[in-house]
Amino acid sequence: MPEDLDSFVAMWDREEQRRTSWAIVHDGELIGAAFSYRLSPWLADLHCVFRKDAFGHKRTVPALAAVCEALFADGVEKI
């Protein structure tokens, strides 16, 4: 753990290169966000959050499919 602000900012900058995020927009409105952290050259995690009124397969599944396609296109083999 960083012991001061400068070391925290330096750590954040190093780690930022391994993070990717997406805004999820439907009909021109922000309905969610997805975040991924590259754990190895072939492995990444994936987290997402959606507005409650955006729940349901009609919006969430296509959005997450697009995010996964982007990760796989970038060399990730397992999420």
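# Exercises on a predicted model

**Exercise 1. Does the length of helix α2 fit its residue count? Compare the expected span with the distance between its ends.**

*Solution.* Start with the residues: helix α2 runs over residues 57-73, which makes 17 residues. At 1.5 Å a residue, these should span 24 Å. Now look at the ends: the end C-alpha atoms are 23 Å apart, which agrees with the expected span. Keep in mind as you work that this is a predicted model.

**Exercise 2. Find which residues of α2 are buried, and work out how they are arranged around the helix.**

*Solution.* Step one is to list them: Thr 60, Ala 63, Val 67 and Leu 71 are the buried residues of α2. Step two is to look down the helix axis, where these buried residues fall within an arc of 75°, so they line one face of α2. Step three is to turn to the face pointing away from the buried side, which carries the exposed residues His 57, Lys 58, Glu 69 and Ala 73. Last, ask what the buried residues pack against: their partners are β1 (19-26), β2 (29-38) and β3 (44-50).

**Exercise 3. Take a closer look at Thr 60 and describe its surroundings.**

*Solution.* First, place the residue: Thr 60 lies in helix α2. Next, check its accessibility. Its relative accessible area is 13%, and buried means under 20%, so Thr 60 is buried. Then look for a polar partner: a polar atom of the Thr 60 side chain lies 2.7 Å from the backbone oxygen of Gly 56. Finally, leave aside neighbours within four places in sequence, and Thr 60 is in contact with Phe 50, Ala 54 and Phe 55.

**Exercise 4. List the residues of the largest nonpolar core, then find which element gives the most to it.**

*Solution.* A general idea helps here. In soluble globular proteins, nonpolar side chains tend to be buried together. In this model, the largest nonpolar core has 10 residues: Ile 24, Ile 31, Ala 34, Ala 44, Phe 50, Ala 54, Ala 63, Val 67, Leu 71 and Val 76. Two or more residues of this core come from each of β2, β3 and α2. The one that gives the most is α2, with 3 residues. To see one core member in its setting, pick Ala 44. Not counting residues up to four places away in sequence, Ala 44 touches Ser 36, Tyr 37, Arg 38, Leu 39, Val 76, Lys 78 and Ile 79.

**Exercise 5. How many disulfides does the model contain? Use the sulfur of Cys 48 to explain your count.**

*Solution.* Recall what you are looking for: a disulfide is a covalent bond between the sulfur atoms of two cysteines. The cut-off to apply is a sulfur pair within 2.5 Å. Now take Cys 48: the closest cysteine sulfur is in Cys 68, 9.2 Å away, which is too far for a bond. The count therefore comes to 0 disulfides. As an extra check on their surroundings, Cys 48 is partly exposed at 39% relative accessible area, and Cys 68 also counts as partly exposed, at 21%.

**Exercise 6. Look at the backbone angle phi of Asp 27 and of Gly 75, and say where each residue sits.**

*Solution.* Begin with the usual pattern. Most residues other than glycine have a negative phi. Asp 27 has a positive phi, near 50°, and is a residue other than glycine. Asp 27 sits in the loop between β1 and β2, and it is exposed, at 69% relative accessibility. Gly 75, which follows α2, also has a positive phi, near 105°.

**Exercise 7. Repeat the span check for helix α1, and find the residue that caps its N-terminal end.**

*Solution.* Helix α1 covers residues 5-16, which is 12 residues. From first C-alpha to last, α1 reaches 16 Å, close to the 16 Å expected at 1.5 Å a residue. The cap is Asp 4: one of its side-chain oxygens lies 3.3 Å from the backbone nitrogen of Asp 6.

**Exercise 8. What does Leu 39 touch, leaving aside its neighbours within four places in sequence?**

*Solution.* Locate the residue first: Leu 39 is in the loop between β2 and β3. Its relative accessible area is 44%, so Leu 39 is partly exposed. With the sequence neighbours left aside, Leu 39 is in contact with Arg 18, Ala 44 and Asp 45.

Methods: Residues are numbered from 1 along each chain as its sequence is written. This is a predicted model: local features need pLDDT of at least 70, side-chain atom pairs count only at pLDDT 80 or more; totals for chains, interfaces and linings use all residues. Side-chain values use heavy atoms; hydrogens and water are left out. Helices (H or I, at least four residues) and strands (E, at least two) are DSSP runs, numbered from the N terminus. The expected span of a helix is 1.5 Å times one less than its number of residues. Buried means under 20% relative accessible area, exposed over 50%, partly exposed in between (1.4 Å probe, protein chains only). The arc is that of the directions from the helix axis to the C-beta atoms. Contact means heavy atoms within 4.5 Å. A nonpolar core is a set of buried Ala, Val, Leu, Ile, Met, Phe, Trp, Tyr and Cys residues joined through side-chain atoms within 4.5 Å. A polar contact is a pair of N or O atoms within 3.5 Å; within protein, one must be able to donate a hydrogen and the other to accept it, and residues adjacent in sequence count only if both atoms are side-chain atoms.
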